[in-house]
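I opened my notebook next to the viewer and jotted down what I looked up, entry by entry. Feel free to follow along.

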Amino acid sequence: MNYINQLDLAGKRVLIRVDFNVPLDEEGNITDDNRIRAALPTINYALDEDAKVIVASHMGRPKGKREEKYSMAPVARRLGRLLKKEVIAAPDCIGPEVEELVRSMKPGQVMMLENLRFHKGETNNDPEFGKALAALCDVYVDDAFAVAHRDNASVVSVVRFAKESVAGFTMKKELDYFRRAMIDPARPLAAVLGGAKAMTKLPALENLMEHADKIIIGGAMANTFLMSVGIDVGKSLYEPELVPVANVLLKNAKAAGVKMYIPVDCVVADRYDRKAETKLVTVQDVPHEWMIMDIGPATSTLYREALRDCKTIIWNGPMGAFEMDAFSRGTYNMVSTVAQTYALTIIGGGDTDVAVSNAGESENISYISTGGGAFLALLTGEVLPAVEALGGYTGLENGGHS
Ligand code: 3PG
C-alpha cells in the first residue's frame, strides 16, 4: 500500500474519499464532527502540495435515490469552516456538470461532491460508477477507514480505473494502531467488549480468543454469557439462540488459557426507563421481573484489577445503557480505568467514543478509531475490501494468523 506523501500532487486533481457519515440532529445539524476533523491532515496535506482537492463521501443509507436530508451540503459548510476556506458544494458526484466544475478548479481549491449513495452504483460496487469517479482525478486517495469494510465502488472499483491510488493519513493511522495492538502487542493484551448484541460481537470474540490474554464482557451481551453459566437474568435482554455458543466460548477460553471475565453484580431496573426503580444486586439475585441495565461496582472493581497490569487494551461497546444517567456508572468507570492505565489504549465503535468524549477523557486514550463496523471487522480478522483494493494487508486475515 502506498501513501499520499509518496506522490507528487502539485497541480493534480486529487480525489480524496473520506467518511463524513456524521450524525445529524432532527434539524439536520451536525452533532459530532470528529470524522471531518480526522480527515483534515490528509486534505491539508494535499492543499499544501498545491493540489486541486475533490472530497467524496457517503452519508446515511439513501439507497440510490436523492434525498435532501442526506445531502453533503451541511458537511461541505462545516468542512469549509474547519479548513478556513471556501468549499465548493457540487450538485452531484459524477456526470458532465461535475466534470465541468472540476475542469474549472485551480490548485488550492476544494470541492465536496454530493452523496455517493445517491447513485445505486456506489453500494453495488458498479465498475461504471467507479470509472466515472476515477475520471474526475489524477490521483485517488482513500482516507475513509470507517467504510473500508464495504464493497463499495468509491473504495473498491475506483482503484481499478484511477491512474494512481494511495491511502491517506487516517487510513494509515487506523491500520498502524490496529497492527500495534493485535500483531506482536505489548502483553498482556486485553479486549473489552460491550454493547447490546452478542450476535454482532461473537465473531470478533472468537478471533480475539487467538490474540488476547484477557477478555472482559459487559453490556447486554454479557447477559447471554450469564445465562450460559446457569444464571437467570430475569427480563434482561439476551439472545437465547446464542446461549450454547457463549458457553462453548467460555470453555474454549479456559482451555486456551485466556482469562474471560463476566459481571458479578449489576444494576437492575423494573423497566427500560430512565425513571425506573433500580437496585444493586449480585448477578445471582436478579429479580424475575427486572432487567439488568449496567454492571455493578464490584464488577467495575474486578475489571479495573484485571486491566491493571495490561499493556495493550482494545475496547468496543459500553458496559450498560449509559445514555440514561442511572445506568451510566459502569461505562464511565471503564472510561476512567482505561484512561488511567499506562497501556496502549485503542477504542472504537458502538458509542464507546461518545462515552469517552462525554467524560472528557479523549486526550487520555492512545487512539480513538473513526470506524464502527470497520473496526469490528478488523477485530474479527476480516479482509477489508478497500484495504485489499489498495494492495494492503492488516496481518490478521485468513483466520487471524499473521
Ligand atoms: C459507518 O458509519 O460505520 C460507515 O460510514 C459505514 O456506514 P454503513 O454502515 O451505512 O455502510
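**Entry 1: the arginines in the annotation**

I began with Arg150, which sits in the loop between strand S5 (139-142) and helix H6 (157-161). A reminder to myself before going on: this is a predicted model. I picked Arg150 since UniProt, in an unreviewed entry, lists Arg35, Arg117 and Arg150 under the feature "binding site".

Is Arg150 buried or exposed? I found 22 C-beta neighbours inside 10 Å, and the threshold for buried is 20 or more, so Arg150 counts as buried. Setting aside neighbours within four places in sequence, I noted contacts from Arg150 to Val155 and Pro385.

Next I moved to Arg117, in the loop between strand S4 (110-112) and helix H4 (120-123). Arg117 has 25 C-beta neighbours inside 10 Å and therefore counts as buried. Which residues does Arg117 touch, not counting residues up to four places away in sequence? I wrote down His58, Arg61, Pro62, Glu122 and Thr123.

**Entry 2: around the ligand**

I then listed the residues around the ligand: Asp19, Asn21, Arg61, Ala146, Val147, Arg150, Gly372 and Gly373. Arg150 from my first entry is in this shell, and so is Arg61, which I had already met as a contact of Arg117. By class, the shell divides into two nonpolar, three polar and three charged residues.

**Entry 3: a second annotated set**

The unreviewed UniProt entry also gives "binding site" for Lys201, Glu323, Gly349, Gly350, Asp351 and Thr352. I looked up two of these residues, Glu323 and Gly349.

Glu323 lies in the loop between strand S13 (312-316) and helix H12 (329-340). With 14 other C-beta atoms within 10 Å, Glu323 is partly exposed.

Gly349 lies in the loop between strand S14 (344-347) and helix H13 (352-358). I found 26 other C-beta atoms within 10 Å of Gly349, which makes it buried. What does Gly349 touch, not counting residues up to four places away in sequence? My list reads Asn316, Gly317, Ser369, Gly371, Gly372, Phe375 and Leu376. Gly372 caught my eye there, as Gly372 is also one of the residues around the ligand.

**Entry 4: the loop between H7 and S7**

This loop, between helix H7 (169-182) and strand S7 (189-193), holds Pro188. I checked the backbone there and found a cis peptide bond joining Arg187 and Pro188, with omega about 5°. Worth remembering: most peptide bonds are trans, and most residues other than glycine have a negative phi.

Asp184 is in the loop between H7 and S7 as well. Its phi is near 50°, a positive value in a residue other than glycine. With 10 other C-beta atoms within 10 Å, Asp184 is exposed.

Ala186 is another residue I looked up in the loop between H7 and S7. It has 12 other C-beta atoms within 10 Å; the limit for exposed is 12 or fewer, so Ala186 counts as exposed. Leaving out residues up to four places away in sequence, Ala186 touches Lys311, Thr312 and Leu344. I checked how Ala186 relates to Leu344: they are 158 residues apart along the chain, with their C-alpha atoms separated by 8.2 Å.

**Entry 5: more backbone checks**

I went looking for another positive phi and noted Asp50, at about 70° although it is not a glycine. Asp50 is in the loop between helix H1 (34-48) and strand S2 (52-56). With 15 C-beta neighbours inside 10 Å, Asp50 counts as partly exposed.

I also tested helix H10 (residues 243-256) against its expected length. At 1.5 Å a residue, its 14 residues should span 20 Å, and the end C-alpha atoms are 20 Å apart, which agrees. Just after H10, Gly257 takes a positive phi of about 75°.

**Entry 6: the two domains**

To finish, I zoomed out. The domain assignment gives domain 1 (4-168) and domain 2 (177-381), and their C-alpha centres lie 35 Å apart. How many residues are in contact across the two domains? I noted nine residues of domain 1 in contact with six residues of domain 2. The side of domain 1 that touches domain 2 has five nonpolar, two polar and two charged residues.

Note on methods. Residues are numbered from 1 along each chain as its sequence is written. This is a predicted model: local features need pLDDT of at least 70, side-chain atom pairs count only at pLDDT 80 or more; totals for chains, interfaces and linings use all residues. UniProt positions are given in the numbering used here, feature names are shortened, and annotations may be inferred rather than shown by experiment. Helices (H or I, at least four residues) and strands (E, at least two) are DSSP runs, numbered from the N terminus. Two residues are in contact if their C-beta atoms, placed from the backbone, lie within 7 Å. A residue is near a molecule or strand if its C-beta atom, placed from the backbone, lies within 6 Å of it. Ala, Val, Leu, Ile, Met, Phe, Trp, Tyr, Cys and Pro count as nonpolar, Asp, Glu, Lys and Arg as charged, and the others, Gly among them, as polar. Domain bounds come from an automatic or database domain assignment. The expected span of a helix is 1.5 Å times one less than its number of residues.
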